[in-house]
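Me: Please take a close look at one position in this structure, and then go on from there to the other local features. I would like a single connected account, with the values stated as they were computed.

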Amino acid sequence: MRPPQETWSTQHLVEFLAGLSSVGHAGEAAQHAVERALEMLDAEAGAVVVASEVVASIGFPPDSVASAELVALADGGPGELVLPGLGPAYLLVAPLEDAPTGRMLVARIAREPFTGADADLLRGMARVLALTLRTQHVVDEERRLRAWSETQVVENERLVRRLQERQGLLERLSRIERLISSRAERQEIFDAIVNGLVELTGDEMVGLRLLEEGDGMLRRIAASIGVSRDLLAVAVDTGGGVGARAVAENRLVIEENYQSAATGTIAAFATHGLQAAMAAPVHQKGEVKGSLMISTCRAGRRYSDEDREILLAFAEHASLALTDAKTVDDAVHQAFHDSLTGLPNRLLFLDRLEQALARGARSGLTTAVLFLDLDGFKRVNDSLGHAAGDELLVAVARRLHSCIRPGDTAARFGGDEFAMLLEGTKSPADAEEVAQRIVAALRTPFALRSRRVFVHASIGIAVSSSGDEDLLRNADLAMYQAKSRGKGHYRRFRQEMHTAVVARLELEVDLQRALERGELHLQYQPIVELRTGTIVGLEALARWRHPRRGLVPPSEFIPLAEETRLILPLGQWVLRESCRQVAGWNERFGEMSLSVNVSGAQLQQPELLADVADALQAASLDARRLVLEITETVLMQDTEATVGRLERLKKLGLRLAVDDFGTGYSSLQYLRRFPIDILKIAKSFVDGLGGAEAAESVLPRAIVDLGESFQLRVVAEGIEEAIQVERLLELGCGFGQGFHFGRPMDAADVEQVLGGGGLLQRPAA
Ligand code: C2E
Ligand code: CA
Ligand code: CA
């Protein structure tokens with residue numbers, strides 16, 4: 001019975017679909033669909049036609065309705081007609097979507113025609129059927145695939161073979177990696193690479209070639225197998241082989257047709273029987289450095305994907321080896337070179353010196369060592385900063401390098417010390433000539449931070465012909481001698497210099513005993529008010545009367561004491577002794593200040609504060625009477641810590657003076673930062689004041705003005721003439737010191753002077 005049309009809904013279609021999907025394959029589904037359609041549309045016959053083929057058919061008598069007729073019916077569309085063997089009938093047709101030629105049709109024999117709802121229903125069923133057929137197709141496809149995969153067993157065997165090949169590749173590569181990481185000889189690594197390639201690719205010629213430094217040609221044959229010299233010559237000459245192209249284009253290059261190419265570079269290879277070749281670039285730290293090439297004379301060679309993969313893998317490993325070697329080279333370079341200037345360091349210098357001496361012993365030629373120390377470098381470093389100091393060292397290194405021959409060595413030993421090794425010099429005069437060149441080269445000022453900076457070099461020269469002398473130590477000694485002559489000098493080593501060194505050593509030992517033996521004493525030089533000549537203070541100056549040498553000047557033993565740290569007990573003694581004496585004089589002759597020189601080494605000592613306090617206390621001297629003199633260069637060093645120490649000292653109540661002011665590269669900045677009370681104008685500025693040159697007074701004037709604006713007392717040092725006093729008064733300088741007023745005196749003489757019987761007039765009051 002035909003159900004009422006309004007009850008037809010998608011739900012029925014879903015049921016229809018469910019029914020269809022339960023059936024096995026496409027043909028069955030169509031058959032089932034027709035059955036259901038006849039039932040639902042109250043029809044007697046139906047069919048499904050796809051691509052001119054009857055897929056399913058029910059109710060059409062097979063002997064009277066041929067397939068071709070059914071196809072024609074389906075194509076003809078709906079209508080009224082007479083079916084052979086069935087009589088008059090109504091026909092309904094719906095397309096199968098997705099299959100443009102597919103149709104589903106039903107026929108109702110001679111009763112009432114199909115309604116629109118019937119047509120809708122059939123269309124719906126046709127759509128569902130199409131859907132089913134499509135799904136069915138996928139399932140069928142899967143089945144087909146399953147069947148196909150069984151044939152894959154054969155294919156799998158090929159796969160296993162490939163895996164084995166791969167295993168071979170991986171084994172070889174990991175061996176190369178082990179060689180690289182164990183830092184094997186480079187040659188061993190390269191050989192392993194070319195051997196591996198021959199084994200894995202079967203090509204009989206393999207070459208790893210590297211670019212020649214400079215000309216950019218692949219001249220360096222790092223490793224090769226089977227490549228004839230002739231062929232290599234062709235490759236280098238033409239520069240157009242796959243190897244060169246791999247470098248130029250930085251990619252894998254393949255050439256499989258050497259024989260058919262008639263012209264150009266390829267033809268040149270062809271005459272050597274080459275058939276095919278492939279090359280890959282190799283890199284060092286990412287930069288193309290050469291190429292790895294395989295090639296064959298076997299005809300018909302074609303490079304497969306695997307071949308390419310193998311070559312690329314080996315090229316990758318060659319790159320790894322090159323990069324690693326470069327890293328090692330760099331590290332070695334670092335160990336033997338100064339990182340700032342790039343010059344060889346002491347280690348490399350000593351090594352080269354040893355070799356040069358050995359060669360010299362054979363050739364009879366002399367070897368010379370120049371030892372060089374910069375004068376004034378520390379000053380630049382302290383005043384302009386370390387970065388500027390570094391820049392200066394680099395610039396100096398460059399100039400030094402330009403003064404020597406290519407075979408010679410200029411090295412930096414650290415700090416501002418350099419050494420030069422001159423090999424095969426014919427006479428000591430050769431070495432002196434180089435020293436002259438260096439002195440001259442450094443005479444031109446350096447441009448640093450928009451300033452012109454001057455540095456000089458003190459150079460010691462030692463020349464050898466016998467080969468077993470301690471050249472470096474001798475040059476060092478000669479350098480010290482050169483330095484003692486002033487800036488920018490060179491000296492050649494002489495045996496007597498050794499004697500001088502020994503003498504210095506003796507002096508060192510003697511100085512140690514001098515304190516215990518009471519060989520030191522103090523002299524005092526008056527500091528006066530320039531306007532009145534009144535003595536306002538005394539500067540304590542240490543003296544050493546050596547039992548054999550007589551009086552040793554402080555310029556000799558103070559630096560020695562600083563180097564040997566003897567300055568600490570010495571300075572402590574000076575403080576105690578001078579405080580004691582001046583406290584006594586102050587009681588007898590009226591209040592005066594005491595100036596005591598404090599060296600840099602003392603200032604760095606935390607004990608200085610306690611030493612000063614003790615000395616003041618032991619002598620019952622008012623701290624306000626004490627002035628500590630510190631040289632400008634000392635103040636410039638280690639400024640942060642220095643400021644702290646000076647501030648703690650000042651808390652005791654004493655005053656601070658900058659000694660030798662104007663000789664360093666001091667900046668106004670530091671005057672502001674340090675708790676300073678007094679500036680002492682260095683003697684060198686005062687010296688010029690007597691003459692006619694007005695320019696000479698520019699600096700003293702500037703210092704006086706500076707003192708005024710910072711409210712500092714200014715004391716001029718080394719005044720020897722009355723005219724200088726006049727000039728200083730004109731400039732507004734209040735105080736002075738010098739032979740003009742009084743030389744440093746022994747305590748007894750000071751008492752005489754202060755007692756009124758001496759050189760200086762005490763004020764009437
Ligand atoms: P300084 O502190 O600049 O001392 C002044 C130097 O100039 C003294 O030399 C003094 O004798 C000399 N002098 C003074 N007036 C004149 C003059 O009119 N003409 C000339 N030509 N020279 C004059 P001295 O005593 O030889 O001392 C040299 C340096 O040794 C001192 O220079 C000071 O830096 C250091 N010194 C001396 N005694 C001590 C000490 O007890 N401790 C420390 N740390 N250093 C000391
Ligand atoms: Ca002084
Ligand atoms: Ca001074």
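**A loop position and its surroundings**

Reply: L252 counts as buried, because its relative accessibility is 17% and the limit for that class is under 20%. The model is predicted, and what follows should be read in that light. L252 is found in the loop that leads from helix 8 (242-249) to strand 8 (253-255). Once its neighbours within four places in sequence are set aside, the residues in contact with L252 are M278, A279, A280 and P281, together with R308, L311 and L312. A further reference point is A315, which is 63 residues from L252 in sequence, while the two C-alpha atoms are 9.9 Å apart in space.

From this loop one can turn to the calcium ion (ligand 3), which is coordinated at 2.2 to 2.5 Å by D659 (OD), by D660 (OD) and by E717, the last of these appearing twice through OE. Along the sequence, the spacing of these donor residues reads D-D-x56-E. The calcium ion (ligand 2) is 4.1 Å from the calcium ion (ligand 3), and D659 coordinates both. D659 belongs to strand 23 (residues 655-661), whereas E717 sits in the loop between strand 25 (713-716) and helix 26 (722-731), so the pair ties together parts that are 58 residues apart in sequence. D659 and E717 are both buried.

Helix 26 also holds a charged pair: R727 forms a salt bridge with E730, with 3.9 Å between the closest N and O atoms. Both residues lie in helix 26, three residues apart, which is about one turn of the helix. R727 counts as partly exposed because its relative accessibility is 28%, while E730, at 58%, counts as exposed.

The structure holds 36 salt bridges, among them one between E751 and R588, where the closest N and O atoms are 3.6 Å apart. E751 is in helix 27 (residues 747-757) and R588 in helix 18 (residues 567-589), so this pair ties together parts that are 163 residues apart in sequence. E751 is partly exposed at 28% relative accessibility, and R588 is exposed at 54%. Another salt bridge links D408 to R405, with the closest N and O atoms 3.2 Å apart; here D408 is buried, with a relative accessible area of 9%, whereas R405 is partly exposed at 43%.

The remaining feature is a sheet. Five strands form this open sheet in the order 12-13-11-16-17, with mixed pairing. Its edges are strand 12 (409-414) and strand 17 (490-492), each of which pairs on one side only, and the twist averages 20° from one strand to the next. Strand 17 pairs with strand 16 (residues 456-464) in the parallel sense over three bridges, and R491 in strand 17 is the bridge partner of G460. Helix 11 (residues 346-363) lies across strand 11 (366-375), strand 12, strand 13 (417-425) and strand 16, and runs at about 20° to strand 13.

Technical notes. Residues are numbered from 1 along each chain as its sequence is written. Chains are lettered from A and ligands numbered from 1 in the order in which they are written. This is a predicted model: local features need pLDDT of at least 70, side-chain atom pairs count only at pLDDT 80 or more; totals for chains, interfaces and linings use all residues. Side-chain values use heavy atoms; hydrogens and water are left out. Donors are N, O and S atoms within 2.8 Å of the metal (3.2 Å for Na, K and Ca); water is not among the atoms, so sites may look incomplete. Helices (H or I, at least four residues) and strands (E, at least two) are DSSP runs, numbered from the N terminus. Buried means under 20% relative accessible area, exposed over 50%, partly exposed in between (1.4 Å probe, protein chains only). A salt bridge is a side-chain nitrogen of Lys or Arg within 4 Å of a carboxyl oxygen of Asp or Glu. Contact means heavy atoms within 4.5 Å. Two strands pair if DSSP finds at least two bridges between them. Axes are lines fitted to C-alpha atoms, for helices over the stretch in contact, and angles run from 0 to 180 degrees between N-to-C directions.
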